[in-house]
Amino acid sequence: MAVVAAEAGEEYDGLAGTMKVFCGRANPTTGSVEWLEEDEHYDYHQEIARSSYADMLHDKDRNVKYYQGIRAAVKRVKEKGQTAIVLDIGTGTGLLSMMAVSAGADFCYAIEVFKPMADAAVKIVEKNGFSDKIKIINKHSTEVSVGPDGDMQCYANILVTELFDTELIGEGALPSYEHAHKNLVEENCEAVPHRATVYAQLVESKRMWSWNKLFPIHIQTDSVEKIIVAPSEMENCPGAPSVYDIQLNQMPSGDFTVLSNVLTMFSVDFSKQVYSSPAYHTMQFEPLVSGRAQVVLSWWDIDMDPDGKIKCSMAPYWVHSDPKNIQWRDHWMQCVYFLPNEEPVVQGESLYLTAHRDDYCVWYHLHKTRNEKSKSNFYGERPICECQAHLLWNRPRFGELNDQTRTEQYIQALKKVLKADSVCLCISDGSLLPILAHCVGVEQVFTMENSAVSHRLMKKIFKVNHLEDKINIIEKRPELLTSADLGDRKISVLLGEPFFTTSLLPWHNLYFWYARTAVTEHLADNITILPQAASLHMVVVEFKDLWRIRSPCGNCEGFDVHIMDDMIKHSLDFRESQEAEPHPLWEYSSRCLSEPQRVLTFDFCRPVPQQPLSAKGSISLQRPGRSHGVVLWMEYHLTAESSISTGLIQMLNAQGECSWNPHCKQAVYFFNSTLEAKTQDSSQNVMYALEFNPKVGDISMDFRLVC
């Protein structure tokens, strides 16, 4: 089972003398999240193993620019004849503090709230010989005191931080800065970075808009075309209140139309008092072309010095100053914000774009006059989902439901297996399959919705399409299904996409198999199941960049951080951390070094077996490159002739460059460093051993590179 939530509570076991933690975990056998007791070190190892520490240390552009900015700040303080006292908030490995001392700072207070990381920083600072000039403080910065008996002996005159996420302020940078200026640093201190600037660009994009709204679904029957529409409250819903952060540098230019120039929305000067109270910033502009305003793309840059000569930019390729030399990074990407509604815009007309922010979030509003107020609270409240669709479906799920080609594939499969007198039961979360089944001509359609949210949402969709009396929603778990729920009829066709909101890894949607097993007594003897089977596939890949998030750093800008590498490796080796992890691979360039291979098959026409399913074998490496890991995904066999892949769609050329399903996350099993060997010829193979354990619904795996 996979972790889906951080530690939620603690309990002390007096007999054993150990602390237990409770973690929320997806159980693929029940399709729900369960709170399980874990070892006290479990949460710590998961956070370290899945952290972005290595990713940040591999960010050469970030590291170099910070070092340059720190050197310049220390120099400016020294030129004033002052002692250089540095405050480093969120020090992590202590890298920026060591840079400061190396640049001539007299002393550095380095704050790190995460105790395991603070302990590692102490060791790293000591190993690099800076213990006498760097003090690691294991507290939140808002708890740090200044004075003779305090954590800091005096106020700092240089403030160094790295508190930023893709949205800039999502990790609480503003409250931290606000407190630091009031309580920890001198007035008009030097700050590295000196300022941050947020940019925005208005675009039209059917692909990105499909991540936010449900499009009309066209269903061609023998006699007429039927169109399924979304409820009006879904059409007018402002959407999810969180940013969608993606690698915009992987978005083809043909997938969007630029409607505006790059707009400078707002800046934050970190050398002065910062305020976290809600604010908004409005920019006037004229559309470059006419179109439909749907999406705001946003990013930021940071100036490490007051003159703006040392700049670190997150700008995407089409506006970057040097598009051929963009630094790849996964800890800072770009932001996609959705407007509450798409708005027609005319080339040359005057419009206004407003960026709203509170202490943690940013959102946007497009209007025709400067003082126009939105339907939601223009001055404060962040938008929230009112239709519940954005609570049930994430952005890729919206895209999947809007994929007309995929929908047509399901329609054609349904036409082959359904009859007018079929009795259908659909088991998936928030699926449109029941609607497709009815439109194909089936009169008796049931659908099971486990959650109240999915029940309410589907009821609204059925109602607006005049299907509330045609499709029966059963708000029960499969094992609680009774004959009375089905009107004492037997199910002749069991349907599933399958899709379940609690699934993290591709095979977690095998919960459909468990649900099918739970309702066995209600199935007709000649039952038809769609999909009839699923199969697990794998391929060995070379990543252009993604490998960096799990690769040791060794030395970073001349500082030894091996202790951090060892810490991450130890956590990766801790029990379940040595498993596959989900990634949306359409955002990450990769090459297949082997041919894809089917390794396990799951027969939905039969109940879940009692005994494990296992596969052992080898897969040969047929292309030269670095073997970074194995990608695994599921394929669902709707009928004997029709299958849908959640992973590899195709290899684009002889070099093995791959195209991945953009609506799903694939599972990536990263090899450790000893397996990242150069492929010399086809005699190299990856040996694999996989086992599906039906008792827990998960797959254990082991891979070894051999010659």
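Q: What joins strand 10 to strand 11, and through how many residues?
A: A hairpin does the joining, through four residues. Strands are DSSP runs of E with at least two residues, helices are runs of H or I with at least four, and both are numbered from the N terminus. Keep in mind that this is a predicted model, where local features need pLDDT of at least 70, side-chain atom pairs count only at pLDDT 80 or more, and totals for chains, interfaces and linings use all residues. Residues are numbered from 1 along each chain as its sequence is written, and side-chain values use heavy atoms, with hydrogens and water left out.

Q: What makes strand 10 and strand 11 count as a pair?
A: Pairing takes at least two DSSP bridges between two strands. Strand 10 (residues 217–220) and strand 11 (residues 225–228) have four, in the antiparallel sense, so they pass. Within this pair, Ile217 stands opposite Ile228.

Q: Which residues make up the covered face of strand 10, and which the uncovered one?
A: Ile217 and Ile219 are on the covered face, while His218 and Gln220 are on the uncovered face.

Q: Why is Val464 called partly exposed?
A: Buried means under 20% relative accessible area, exposed means over 50%, and partly exposed is in between (1.4 Å probe, protein chains only). Val464 comes out at 32%, so partly exposed it is. You'll find Val464 in helix 13 (residues 452–464).

Q: What makes Ile227, Val229 and Val464 a nonpolar patch?
A: Patch members need over 30% relative accessible area and no salt bridge, with nonpolar side chains (Val, Leu, Ile, Met, Phe, Trp, Tyr) joined within 5 Å and like charges within 9 Å. Val464, at 32%, clears the area bar. Together the three residues offer about 190 Å² of accessible area (Shrake-Rupley).

Q: How do you know that Asp358 and Arg382 form a salt bridge?
A: The cut-off is a side-chain nitrogen of Lys or Arg within 4 Å of a carboxyl oxygen of Asp or Glu. Here the closest N and O atoms are 2.7 Å apart, so the pair qualifies. The two sit 24 residues apart, Asp358 in the loop between strand 19 and strand 20, Arg382 in the loop between strand 20 and helix 9. Asp358 is buried at 9%, whereas Arg382 is partly exposed at 33%.

Q: What makes Arg397 a salt-bridge partner of Glu497, and why does the pair tie together parts of the chain?
A: Their closest N and O atoms are 2.6 Å apart, so the pair is inside the cut-off. Arg397 lies in helix 10 and Glu497 in the loop between strand 24 and helix 14, so the link spans 100 residues of sequence. Both ends count as buried, with Arg397 at 1% and Glu497 at 4%.

Q: Which residue in helix 10 also forms a salt bridge with Arg397?
A: That's Glu400, at 2.8 Å between the closest N and O atoms. Glu400 and Arg397 are three residues apart in helix 10 (residues 395–401), about one turn of the helix.

Q: How do you know that Arg397 lies over the face of Phe499?
A: A charge counts if NZ of Lys or CZ of Arg is within 6 Å of the ring centre and within 35 degrees of the ring normal. Arg397 is 3.9 Å from the ring centre of Phe499, and is listed as lying over its face. Arg207 is placed likewise over Trp586, at 4.4 Å.

Methods:
Accessible areas come from the Shrake-Rupley method with a 1.4 Å probe; for residues, only the protein chains shown count as cover.
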